[in-house]
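Here are my notes on this one, as numbered points. Have the model open while you read.

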Amino acid sequence: MPEVSRKIADAVNKSQLEAVSRLDGPLLVLAGAGTGKTRVITYRIANMIGNGIAPERILGLTFTNKAAREMRERLAAMIPGDSAEKVFLGTFHSFGARFLRRHVGVLGFTSDFTIADEADQLGIMKQAILDVDLNKDLANPKFCLHLTSKIKNAMSAPEAADIRDTILSRFFPAIYRRYNQILKNQNMLDFDDLLLFVVMILERDEQILERSRKEKTHLLVDEYQDTNFLQFRLLQLLAGKSRNLCVVGDDDQSIYGWRGAEITHILRFAEKFPGAKVVKLERNYRSTTTILDGANAVISLNNNRHSKNLWSDLGEGEPIKIISARTGEEEADFVADTIIDAINGRDRLSPSSIAILYRSNHLSRLIEESLRVSRIPYKLVGSKSFYDRKEVRDAVAYLKILHNKRDDQSLLRIIGVPPRGIGDKAIEHLKRIKAESGAIPMGDILATREFRASVTNAAAKSAEQLADTIRLFRQEFQQGSVEIAPSARKYLEQVGYLDGLARMHKDTDEYIRRRDNVLELVNAMAQYQGRNPSATLGDFLESHSLADDSDKVRKDSQDDDAVTLMTVHAAKGLEFPLVLVVAMENGMFPNERAMRDGSVEEERRLFYVAMTRAKKQLILTRAISRMTHGEIMRRPPSPFLGDIPKELTVSANAQNAFKKVDTETLIKALENFTA
DNA sequence: ATGTTTAATCTTTTT
DNA sequence: GATTAAACAT
C-alpha cells in the first residue's frame, strides 16, 4: 500500500484512511449520510498526487457543479502549487462536453456545437412530430421527449420504446429519428447526447479509447448511486483493464431514479468489477443520535439496500418536532415564528444555519410570503430562477444565434421579439422555405430573394436589418480576444432588443426591471470572463447551458447570512443545524405521482435525505388543508411521520406553539391590569 | 401585424 | 394561481 502523509493520516478515521490510501483497482466507498464523504474524496486526491500520480491523469466526476467546485476549493487549500487546477473535476455532462469538443467530428458535428435547452428540445420535438405528419393530439411532445431520453440512456433502438398507444408506437421511431436529424442539422446536442456520444465514440474508435485511457488513469466518482446506464458504461470504458476506479456513494440516498439512475449500479458494483474492495463509512459526524435513529428507522423499511449501521457520538439533542397546522398559511407563519425564535431566542442561530426543505418547488411560495412579512432574509435555490425570466431567455437566444448560425430555435424565439413587422405569416413562409430547401439555416433564408418576395415590405426590410446586425456581431465575436460582455451589450442595443423592451412594456417600472435583468446577464458574462480571461462567447453559453440548480440562487436581500429555501433534491450533500421540512402530507411527501410510478422506496430515500440534513434539530410540519390548483384540499399526514419511533418525537399544533395576541386583546389586558 | 382578453392546463424531483 | 395558448379586437 502507498505511503500516506502524516498530515492526511491524522485527519481521517480508520475506515476513511482505508478509502484514502488504496489507490489502485476498483474501490467502492459506501458513505452514509454525514460520514465525511467529500473529505475522503479530497484527501484521496491529495494522496494520489502525493504518491506521484500526475494531477492531469485524475478524473473526478460529480453530479453537480457545486460539488465539483467545493472539492476543487478544498483540494487547493490542501496541496501546494497549482496541482489542484490540473485535476479534472466536473460533472459527467461537462466532461462529455469537453470530450466532444475534441472528438464529435467523427459523428458529423462540428466542435462549436451548442447544447439544446428544454425549450429548444420541445420546439424541435414539435417540429419532428409535424414532419412525420402526425396529428399532434396523438403524439404529446413532452411524452416523446421523455421516451427519447429513456431510449438514449438505455442505448436502445426507438422501436424498443415501451408505448401502449398503438398509433404512437408505430410512428415513434420516425419521430425519434427526425428529432435527432433536426438536432444534427442545427449542430446541436441534447443533454443525453452529451453522454451518449462519448460512449458511442469510445466504443467505436479503438484509438480514441486507448488515448483516453492513457490520459485519465485514475477515476473517481461522487454520488455513484445516481449513475445511469450511460454513465456506468462510460466509467467501464475508461477504467479499462487497470480499473483504477473509486466510486463513492450511498444507496440510501439514490433519488434520481426518475432520471434513469439505477440503484443496482451501487448495489452490484462488486459484481461488475470483480475483486472490488468495499469500505463502509458508518460514523456520522453530523447529527444527534435522535435525528440519526429516526432516519435509520425510516430507511430500514426499504428492502433494496446495503445494510449499514450509522452512528454518532454527538449526544441525544432535541426530540424531532412534528407540527400540525390547520392551513398552509398557518404552517408558513409557524415556520417564520420558529425561525425568529431560533435567531433571537436562546439558540442564537444565524439565518444561514437554517434550511427549509420541501418536496416540490411551488411549496416555497407561501413560506416566502411569511418570511418577507417577518423580515427574515432568505435565499431561494433553484426553481424559477433569474435565468428562467422571459427577457433573460430572449437575450440568451439572441446570443445563441450569434454563436451558432444554424440554431433555428433561437432565431424563431427572437424574430418577433420585439415586434418588428415579422409576424405569423412571415414565419410561416420562413418555415415553408426551410422545409423545401432542406438544411439551409433559417438565418440565411432571411436574406434570400424568395423569402423577401413572399413577405411584406416591412417584414423584408426588418429581416434584412436583423440579419445584418447578427452577421456584423458574429464577425466581431469570431475574431476571438473579445471582451464578451461589452460586445454583447452593444449587440443587444444595436439589434433593437433593449429599446424593444421599452416599447413592449409601457409600464416603466416593469421595463426598468426587465432591462436590469438583461443587464444582469451581461454582468454575469463579465464576471465569467473575469474568472476565465480567455473565455469566448461559446464558453459562456456552454457553462450557461450546463448550469444546475445550485448555480441558480435567488436572493431576497443583499445579506449573505440568509435562511435557505430549497427542494430536498437540491439539499443533497448539504447540512444545517436547524432543518424544517414542510408539507409533510400524504400525496405531497410522498408525492402522489411518484407513488403512482411505484417508487415508494425512492420517496422514502428522499425523506431520509431530508432528515439527515439536520445537525441539531429537525422540525417536520404539515397542514391539514392546503390550497392546490386553486381549491382547498384536505390531506392526511404523511405516512413517513408514523415511521419515526414515537419516543424520538414530540407533536404539537401550530396555533399553540406561538401564542399570537392581537393588539386589541393586548390593550384590553393592559386596561384591566391598570384598573 | 399587434395588442388585449379569455380559456386551459398544469407543478415532482433536474444534469 | 400563474403562466401560456388561443381567440378576438384594433
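1. Let's start with a helix pair: α24 and α26 cross in a right-handed way (right-handed is when the near helix is turned clockwise from the far one by less than a right angle). Helices here are DSSP runs of H or I, at least four residues, numbered from the N terminus. This is a predicted model, where local features need pLDDT of at least 70, side-chain atom pairs count only at 80 or more, and totals for chains, interfaces and linings use all residues. Residues are numbered from 1 along each chain as its sequence is written, chains are lettered from A in the order in which they are written, and side-chain values use heavy atoms, with hydrogens and water left out.

2. Who touches whom? On α24 the contact (heavy atoms within 4.5 Å) uses I484, A485, A488, R489 and L492, and on α26 it uses V518, L519, V522, M525, A526 and Q529. Sorted by class, that is nine nonpolar, one polar and one charged.

3. Now the DNA. There are 26 residues around strand B, with R359, G421, D548, R593 and H629 coming nearest (near is a heavy atom within 4 Å). Of the strand B atoms that come within 4 Å of the protein, 61% belong to sugar and phosphate.

4. Some polar contacts to check (N or O pairs within 3.5 Å): a polar side-chain atom of R593 sits 2.4 Å from a phosphate oxygen of strand B, and one of T567 is 3.2 Å from a phosphate oxygen. F63 uses a backbone N or O atom, 3.3 Å from a sugar or linking oxygen of strand B.

Terms used
A polar contact is a pair of N or O atoms within 3.5 Å; within protein, one must be able to donate a hydrogen and the other to accept it, and residues adjacent in sequence count only if both atoms are side-chain atoms. Helices (H or I, at least four residues) and strands (E, at least two) are DSSP runs, numbered from the N terminus. Ala, Val, Leu, Ile, Met, Phe, Trp, Tyr, Cys and Pro count as nonpolar, Asp, Glu, Lys and Arg as charged, and the others, Gly among them, as polar.
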